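Work through the exercises below with the sequence and the model open. Each task is followed by a solution in steps.

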Amino acid sequence: MLVWLMTLTLPLNKPVLKFAAKSSHGYFLEYYCVQYQVAIVNGPNLNMLGQREVSIYGCKTLNDMNAEIAAAAKPLGVTLEFFQSNSEGELVTYIQQCRCQLKGIVLNAGAYTHYSIALRDAVSAVQLPVVEVHISNIFKRESFRHISVIAPVCIGQICGLGACGYVLALRALLKHNASETPMVNEQLELPH
Amino acid sequence: MKKQQLLVISGPIANLTERLGYTLDVLHWRTNINECLQQAAVDMNIEVISQHCNDTATLIDQLQQSGQVDGILINTGDLALENQSLCRALRAVTVPCIEVFISHFSDDETCQHRSIVASECVGVIGGFGNHSYVLGLAGLANLLLSQSSVSRH
């Protein structure tokens with residue numbers, strides 16, 4: 001019988017699931033499975049979700065949305081690290097720190113999408129697959145939002161699908177790194 | 001419960017995957033799109049009607065005759081960059097529509113962000129190869145589900 005004992009964190013912040021089981025010979029075996037860790041990074045004003053322009057961004061708060069994404073990620077064996085900042089510098093620093101620590105980043109850079117070359121360079125330097133996400137369809141809005149300076153350094157873009165876009169981005173990251181994630185199950189519950 | 005019926009329309013280039021695949025991106029074009037879609041349809045328990053065509057008129061006809069379907073996934077290929085007629089046809093469609101791109105449209109610096117079709121769609125997904133279609137189907141199915149749950153309440 002397989003018993004899930006505990007979740008612990010090893011050096012380099014790589015979380016692993018530790019399983020213990022008794023073999024047919026009575027030996028106590030331990031299994032480690034390195035989890036797939038992804039950062040969900042949100043930029044300026046996304047902390048105001050639920051209060052700000054609800055006709056465009058919906059009435060869900062950032063916490064509501066993160067809870068939905070976390071619920072959808074759980075059956076995939078994906079560990080999520082959520083980060084939000086209004087500061088360009090903090091976002092750059094966080095993305096730099098993701099290097100060698102995580103398997104990918106889902107990034108909604110908010111308005112920085114349209115002009116932050118610093119953020120673009122951080123994404124380019126981090127050498128991780130990054131998927132650009134937007135809650136609203138930026139192409140339906142003002143023309144200055146149609147330009148994304150970070151798009152060329154991301155593997156792809158999803159916009160207009162709300163919280164579901166983040167979950168689809170996770171799925172895209174898993175597919176991108178499919179060879180490294182043999183345990184990933186394609187079944188996925190999407191938030192409504 | 002009735003299965004969701006989704007129409008997938010692929011414009012120019014998208015039906016030339018085998019011929020153009022090697023010059024564009026061999027990894028992304030390796031798998032046949034229709035096989036991907038049918039497999040995704042089985043996994044998601046939805047019905048997918050897939051159509052390919054190269055000319056604008058046929059694309060517009062397909063959009064105008066799409067009254068019976070619940071949603072549309074469209075890859076207009078190069079027509080996304082210039083075709084106003086297609087935009088107007090999409091504007092007249094009453095079901096939700098998502099635009100997909102196989103390659104990342106931002107890879108091409110000369111025409112990046114020029115999709116005029118995108119503004120007529122609910123959302124846009126691009127850059128994930130054939131998987132863009134699968135993600136688009138999942139997004140569309142989820143959108144329809146959330147709309148039906150809102151209308152029930």
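The exercises cover the contact between the chains, the salt bridges, and one strand with its partners.

This is a predicted model, in which local features need pLDDT of at least 70 and side-chain atom pairs count only at pLDDT 80 or more, while totals for chains, interfaces and linings use all residues. Residues are numbered from 1 along each chain as its sequence is written, chains are lettered from A and ligands numbered from 1 in the order in which they are written, and side-chain values use heavy atoms, with hydrogens and water left out.

**Exercise 1. Describe the contact between chain A and chain B.**

Step 1. Count the residues in contact (heavy atoms within 4.5 Å). Chain A contributes 26 residues and chain B contributes 26 residues.

Step 2. Find the buried area, that is, the accessible area (1.4 Å probe) that two parts lose on being put together, summed over both. For chain A and chain B the value is about 2,200 Å², with 63% of it on carbon and sulfur atoms.

Step 3. Look for specific pairs. Between chain A and chain B there are zero salt bridges (a side-chain nitrogen of Lys or Arg within 4 Å of a carboxyl oxygen of Asp or Glu). Four residue pairs, both residues at pLDDT 80 or more, are in polar contact. A polar contact is a pair of N or O atoms within 3.5 Å; within protein, one must be able to donate a hydrogen and the other to accept it, and residues adjacent in sequence count only if both atoms are side-chain atoms.

Step 4. Assign the chain A side to elements, where helices (H or I, at least four residues) and strands (E, at least two) are DSSP runs numbered from the N terminus. Strand E8 (156-159) and helix H5 (163-176) of chain A each supply at least two residues of the side that touches chain B. H5(A) gives the most, with five residues.

Step 5. Check strand pairing across the contact (at least two DSSP bridges between two strands). E8(A) runs antiparallel to strand E5 (residues 123-126) of chain B, and three bridges join them. Ile158(A) is opposite Ile125(B) in this pair.

**Exercise 2. Which residues are linked to Arg141(A) in a network of salt bridges, and are they buried or exposed?**

Step 1. The network links Arg141(A), Glu142(A) and Arg145(A). Arg141(A) and Glu142(A) meet at 4.0 Å, N to O.

Step 2. Classify by relative accessible area: buried is under 20%, exposed over 50%, partly exposed in between (1.4 Å probe, protein chains only). Arg141(A) is buried at 16%, Arg145(A) is buried at 16%, and Glu142(A) is partly exposed at 37%.

Step 3. Place Arg145(A). This residue lies in the loop between strand E7 (130-134) and E8 of chain A. Leaving aside neighbours within four places in sequence, Arg145(A) is in contact with Tyr57(A), His114(A) and Ile138(A).

**Exercise 3. How many residues of strand E3 of chain B are buried, and which strands does E3(B) pair with?**

Step 1. Five of the five residues of E3(B) (residues 71-75) are buried. Gly71(B), Leu73(B) and Asn75(B) point one way, and Ile72(B) and Ile74(B) the other way.

Step 2. Strand E1 (residues 5-10) of chain B runs parallel to E3(B), joined by five bridges. Leu7(B) has Ile72(B) as bridge partner.

Step 3. Strand E4 (residues 97-101) of chain B is also parallel to E3(B), over three bridges. Here Ile74(B) has Glu99(B) as bridge partner.
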